[in-house]
Amino acid sequence: MIHNFNAGPSILPKEVFEQASQAVLAYGNSGISLLEMGHRTPEFTAIMEEARSLVKDLMKLDDDHKVLFLHGGASTQFMQVPMNLLDPKDSAAYADTGVWSSKAIKEAKLFGKVDVVCSSKDNRYRNIPNDFAVPNDCKYFHITTNNTIYGTQWPTIPKTSNVMVADMSSDIFSRVIDFNSFGLIYAGAQKNMGPAGVNLVVVNEQILGKTKRTIPTIMDYRNHIAEGSMLNTPPVFAVYVCMLTLRWLKANGGIAAIEKWNNEKAALLYSEIDENPLFVNHIHKTDRSKMNVCFVMHDETLEKPFLDFAHENGIIGIKGHRLSGGFRASLYNALPISSVQHLVEVMRTFAQMHG
Ligand SMILES: *Cc1c(COP(=O)(O)O)cnc(C)c1O
């Protein structure tokens, strides 16, 4: 049995894999594979419709908020957001909470002025800033709700008068948030929603169309809204797998229900790290991520032996990101609590062997 703690691409529900593999062989009664089916067929149009309506339903979105499935990963949104929302003479506010925020900041600077209103860089990104102000005239305020590499997460969403924009790639659908309070939300699918190759964008229509820039057709959110995410060929299979995962989430009680499980999984692992004499987590307690749990060992020379021991016990994907070292266990929605219990057992056994 494999316990998959990969940070992304990452674990999805087993039944989703079963249904997805069936669709590759033959989709429904069509007699052909989903991979050889036109995207304007009734079959695929229905899949796209259902995927979008599941997002609306799970996030409880109002009518102003439109749901798009786009290409290019979250990284494309780093540029697409400012291209659609920011004029050269205007400013956008960004919170710098890690590598992904820094990359978003870098791209935004190509389109307008960027005001980095807070940063936890001096603290090696081990906390979420909480003492800052966002100038009223900033066109939007961008945050990264969960910092996949460092293992921090905004415990609450800051309240400002600005349009809020969020990169939710690694905690989308993991906790209840007032999604309607955001002007724009984006997420690469491969962390908590589906396979790599598709992006979810939720955008409030009211914030669009205000820039004076001429936006290339494929980059303008308004065109994708008008065409129902079918401006060009969508990533058909990736959208289908997302739809299956969203169905699974709904059948399991939706975001509120999964949040309870996510809280339990995170509490279990953090309490083991805090109690086990070999391990330590350096993140400010209130800002600990419930999706990506990063930890190191007091004795660095034990890290390799622990990693090997974990592998021998069926645990994969816990090697930390090269920038933060140590370990990272990603506890995405589809990861069963039994995998976390198993990891905790393995940590205890290892501590007994090396105590
Ligand atoms: C993984 C990740 C990204 C990058 O996603 P791509 O789809 O590879 O472009 C961006 N932001 C966050 C928070 C991530 O975790």
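Which residue forms a salt bridge with arginine 175? In this predicted model, the partner is aspartate 171, and the closest N and O atoms of the two side chains sit 3.2 Å apart. Both ends of this pair are tucked away: arginine 175 is buried, and aspartate 171 is buried as well.

The stretch of chain around that pair has a few other things to look at. Phenylalanine 173 is not a glycine, yet its phi is positive, at about 65°. Phenylalanine 173 falls in the loop that runs between strand 8 (163-167) and strand 9 (184-188). Its relative accessibility is just 1%, so phenylalanine 173 counts as buried. Serine 170 belongs to the loop between strand 8 and strand 9 too. With a relative accessibility of 1%, serine 170 also goes down as buried. Its side chain makes a polar contact of 2.8 Å with the side chain of asparagine 146. Leaving aside residues up to four places away in sequence, serine 170 touches Asn146, Thr148, Lys191, Met291, Asn292 and Tyr332.

Some of those neighbours come from the other part of the chain, which brings up the domain layout. The domain assignment splits the chain into domain 1 (14-251) and domain 2 (254-353). Serine 170 therefore falls within the bounds of domain 1, while Met291, Asn292 and Tyr332 fall within those of domain 2. Taken over C-alpha atoms, the centres of the two domains are 27 Å apart.

How many residues of each domain take part in the contact between them? On the domain 1 side there are 27, and they meet 25 residues of domain 2. The size of an interface is often given as the accessible area lost when the parts come together. Here, domain 1 and domain 2 bury about 2,100 Å² between them, and carbon and sulfur atoms account for 57% of that area. As for charge pairing, zero salt bridges turn up across the interface of domain 1 and domain 2. Polar contacts are another matter, with 14 residue pairs counted between the two domains.

On the side of domain 1 that touches domain 2, the elements giving two or more residues are helix 2 (42-59), strand 7 (152-153) and helix 6 (236-251). Helix 6 gives the most, with three residues. By residue type, this side of domain 1 divides into 13 nonpolar, nine polar and five charged residues.

Although salt bridges are missing from the domain interface, the count for the model comes to 13. One of them ties helix 6 to helix 2: the side chains of lysine 250 and aspartate 57 meet with 2.9 Å between N and O. This pair links distant parts of the chain, with lysine 250 in helix 6, aspartate 57 in helix 2 and 193 residues separating them. Neither end is buried here. Lysine 250 has a relative accessible area of 46%, which means it is partly exposed, and aspartate 57 is partly exposed too, at 37%.

A further salt bridge joins the side chains of aspartate 220 and arginine 222, again at 2.9 Å from N to O. Its two ends differ in setting. Aspartate 220 is buried, since its relative accessible area is 7%, whereas arginine 222, at 41%, counts as partly exposed. Over in the second domain's range, Glu272, Glu345 and Arg348 are linked in a network of salt bridges.

The backbone has a couple of further oddities. Serine 229, which is not a glycine, has a positive phi of about 65°. Serine 229 is located in the loop between helix 5 (221-226) and helix 6, and its relative accessible area of 3% makes it buried. Towards the start of the chain, glycine 8 and proline 9 are joined by a cis peptide bond, with omega at about -5°. Proline 9 lies in the loop between strand 1 (3-4) and helix 1 (14-25).

Finally, histidine 311 gives a feel for distances across the model. Histidine 311 is part of helix 8 (residues 303-312) and, at 43% relative accessibility, counts as partly exposed. From histidine 311 to proline 135 the C-alpha atoms are 49 Å apart in space, and the two residues are 176 apart in sequence.

Terms used. Residues numbered from 1 in each chain as written. Predicted model: local features only at pLDDT ≥ 70, side-chain atom pairs only at ≥ 80, totals over all residues. Heavy atoms only, no water. Contact = heavy atoms within 4.5 Å. Buried area = accessible area lost by both parts, 1.4 Å probe. Salt bridge = Lys/Arg side-chain N within 4 Å of Asp/Glu carboxyl O. Polar contact = N/O pair within 3.5 Å; in protein donor to acceptor, adjacent residues only side chain to side chain. Helix = DSSP H or I, 4+ residues; strand = E, 2+ residues; numbered from the N terminus. Nonpolar A, V, L, I, M, F, W, Y, C, P; charged D, E, K, R; others polar. Buried < 20%, exposed > 50% of the residue type's maximum accessible area, 1.4 Å probe, protein only.
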